[in-house]
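Reader: Can you walk me through this one? I'll ask as we go.
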Amino acid sequence: MEGYKVYVDVTAEFSAEGVLTPKSFRWTDGNVYEIQRVKDVRRAASLKAGGVGMRYTCVVNGRDSYLYYEDNNMWFMERAGA
Amino acid sequence: MILEVVPYKIAEEETRMAGRVILHSDCNCFYASVEHLHRPELEGKPLAVGGDPESRHGIVLTADYIAKRYGVKTGMALWEAKQLCPEITFVSPRMDLYLRFSRMAHEIYADYTDLQEPYGIDESWLDVTDSASIKGDGYSIAREISNRMKSELGITVSIGVSFNKIFAKLGSDYKKPDAITTMYESEFRTKAWNLPVGDLLYVGRSTKRKLENLGIHTIGQLAQTDEAILISMLGKMGSVLWAFANGFDDSPVRKENTHAPIKSVGNSTTTHRDLVNDEDVKIIIYVLAESVAARLRENGFRCRVVEISIRDNELYSFTRQRKIANATNITEEIAAEGFRLFKENYDWRKPIRSVGVRGADLVNDNYWEQMDLFCDFKLRDKLMKMDATVDDIRRRFGFYSIQRGIMYQDRILSAVNAKDDHTVHPHGYFNQ
């Protein structure tokens, strides 16, 4: 079964202070989506996709989406749909 | 002057002990909850963690609440569980994942107190007395922790709030899952005293039977029994249990990091075929010792006792252990000591079904000890370097990239994956 957990390629920036900020990601359709703003960063569990990580609440095309940074240094997102 | 200061200090300590706020936090069905979180497709379906579902052996380590409703219990054979609950999904344990979650839980606890004492991998006592002025009373701290565990780790906890460790633990067992129960000094006579005596920590099956023979069925009855009768019946433990039941437990919550979180590291396995000679056993002991020693090194521990357990094909089993001269995490030393113990204690009356190796009495890597005049330290140094190199090669190229020669004498036997059969033993409640 195709899961709700989607690992994505992410381009991110490390600031001189050591703060990690994702800038864009490549979704499964091959398109690269710009992250306009990161609204919130906190550790959170994703019950939908299954996993735990630092959760970045990103504004993409004016809408909020969650981007998780897992302990294994991989980024994942939740696939839409019930 | 000094004489005046000392009693004051003691008095202050007593006041502090009297008004303690102790939490006991217990992650509900810990392994199963973590697995559920990582497998959202199994939501609402029964799940149990344990063994290797494909092979004949294996037991249930943890069942989730759905499976428990069907009567599935920890320690049950997989096939038994399947009979009770045909819908059940078995998953192999992923100990490293659970340890990671345990560590993250401790990070959350650490925001509230430095006095946290783990009891196994999924339970902890927290002394939050001194956080009350900032974070609120025990109940609000418990609620905050519970909410954070849910949102940050995706698992639920049961928390008991009390003035001592024993009643805090009773509180966390009182209602599950995802609940907070208070056992304050004003409440324990109504709440705790009605509970069956077997719920009290350190009342096991046998003690419970003895107490029931005396007509003691509840914790309240235990508390009201004459202490002397209990002592005559149970010895020193009688007095301890009597104090527990009356809320006189004043044992402190130990500071974090003063203890290794675990008491021993062990691996055991049931082999695919019965072992029939020394050579077979040697292979298995080496496989297990490799895993035990690697895990000791990984966690920065060394052991001072080596223990083996043997079970023959009629399921008769025994364990033997010995203190070794120098604390070690060297594979060769643990394996050699294990094999020596085996040779001294087994006469091959029957083939062997299962073998276990364990390193106990753990000390951390900084532990110092008296050097032994007759021990070859150069050799030990070399062995340590060799183990470190093997660890490194395995980390980079995989476990099977480098093997001992002995493993090639029987590839099927040595293919046992010792790392699957993890065991974690909590410290006992009393001083270790």
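Reader: Start with chain A. How do strands S1 and S7 pair?
Author: Strand S1 (residues 5-14) and strand S7 (residues 75-78) of chain A pair in the antiparallel sense, over four bridges. Strands here are DSSP runs (E, at least two residues), helices likewise (H or I, at least four), numbered from the N terminus. Two strands pair if DSSP finds at least two bridges between them. This is a predicted model: local features need pLDDT of at least 70, side-chain atom pairs count only at pLDDT 80 or more, and totals for chains, interfaces and linings use all residues. Residues are numbered from 1 along each chain as its sequence is written, while chains are lettered from A and ligands numbered from 1 in the order in which they are written.

Reader: Which residue in S7(A) is the bridge partner of Lys5(A)?
Author: Glu78(A).

Reader: What joins S6(A) to S7(A)?
Author: Three bridges, with strand S6 (residues 63-69) of chain A running antiparallel to S7(A). Leu67(A) stands opposite Met77(A) there. The two strands form a hairpin with five residues between them. In that turn, Asn73(A) has a positive phi of about 65°.

Reader: And the whole sheet in chain A? What's the strand order?
Author: S3-S2-S1-S7-S6-S5-S4, seven strands in an open sheet with antiparallel pairing. Strand S3 (32-34) and strand S4 (37-46) of chain A are at the edges; each has a single partner strand, so one side of each is left without a neighbour in the sheet. Direction ignored, neighbouring strands are turned by 40° against each other on average. That angle, like others here, uses axes fitted to C-alpha atoms, for helices over the stretch in contact; angles between N-to-C directions run from 0 to 180 degrees.

Reader: How is S3(A) attached?
Author: Strand S2 (residues 20-26) of chain A pairs with S3(A) in the antiparallel sense, over three bridges. Ser24(A) has Glu34(A) as its bridge partner in S3(A).

Reader: How many helices in chain A?
Author: Zero, against seven strands. Of its 82 residues, 21% count as buried. Buried means 20 or more other C-beta atoms within 10 Å of the residue's own; 12 or fewer is exposed, in between is partly exposed, and C-beta atoms are placed from the backbone.

Reader: What packs on that sheet from chain B?
Author: Helix H7(B) does, touching S4 and strand S5 (51-60) of chain A. Its direction makes about 105° with that of S4(A). Touching means contact: C-beta atoms, placed from the backbone, within 7 Å.

Reader: How many residues does each chain give to the contact?
Author: Chain B gives 10 and chain A gives 13. On the chain B side, helix H2 (30-38) and helix H7 (138-153) are the elements that give two or more residues. H7(B) has the largest share, three residues. By class, that side has three nonpolar, three polar and four charged residues. Nonpolar is Ala, Val, Leu, Ile, Met, Phe, Trp, Tyr, Cys and Pro; charged is Asp, Glu, Lys and Arg; the others, Gly among them, are polar.

Reader: Gly138(B), then. Buried or exposed?
Author: Buried, because Gly138(B) has 26 C-beta neighbours inside 10 Å. This glycine is in helix H7 of chain B. Leaving aside neighbours within four places in sequence, Gly138(B) is in contact with Val21(B), Leu23(B), Val128(B) and Val161(B). Val161(B) is 23 residues away in sequence, yet 6.2 Å away in space, C-alpha to C-alpha.

Reader: On to the sheet of chain B. What's the order there?
Author: S5-S6-S1-S7-S8, an open sheet of five strands with mixed pairing. The edge strands are S5 (116-118) and S8 (179-183) of chain B, each pairing on one side only. The twist averages 15° from one strand to the next.

Reader: How do S7(B) and S8(B) run?
Author: Parallel, with five bridges joining strand S7 (residues 157-162) of chain B to S8(B). Ser158(B) stands opposite Ala179(B) in S8(B). H7(B) lies across strand S1 (22-27), S7 and S8 of chain B, at about 170° to S7(B).

Reader: Last one. At what angle do H14(B) and H15(B) pack?
Author: About 140°, with the axes of helix H14 (residues 278-298) and helix H15 (residues 331-345) of chain B 8 Å apart. They are therefore oblique to each other. For scale, under 35 degrees is roughly parallel, over 145 roughly antiparallel, 65 to 115 roughly perpendicular and the rest oblique.

Notes:
Contact = placed C-beta atoms within 7 Å.
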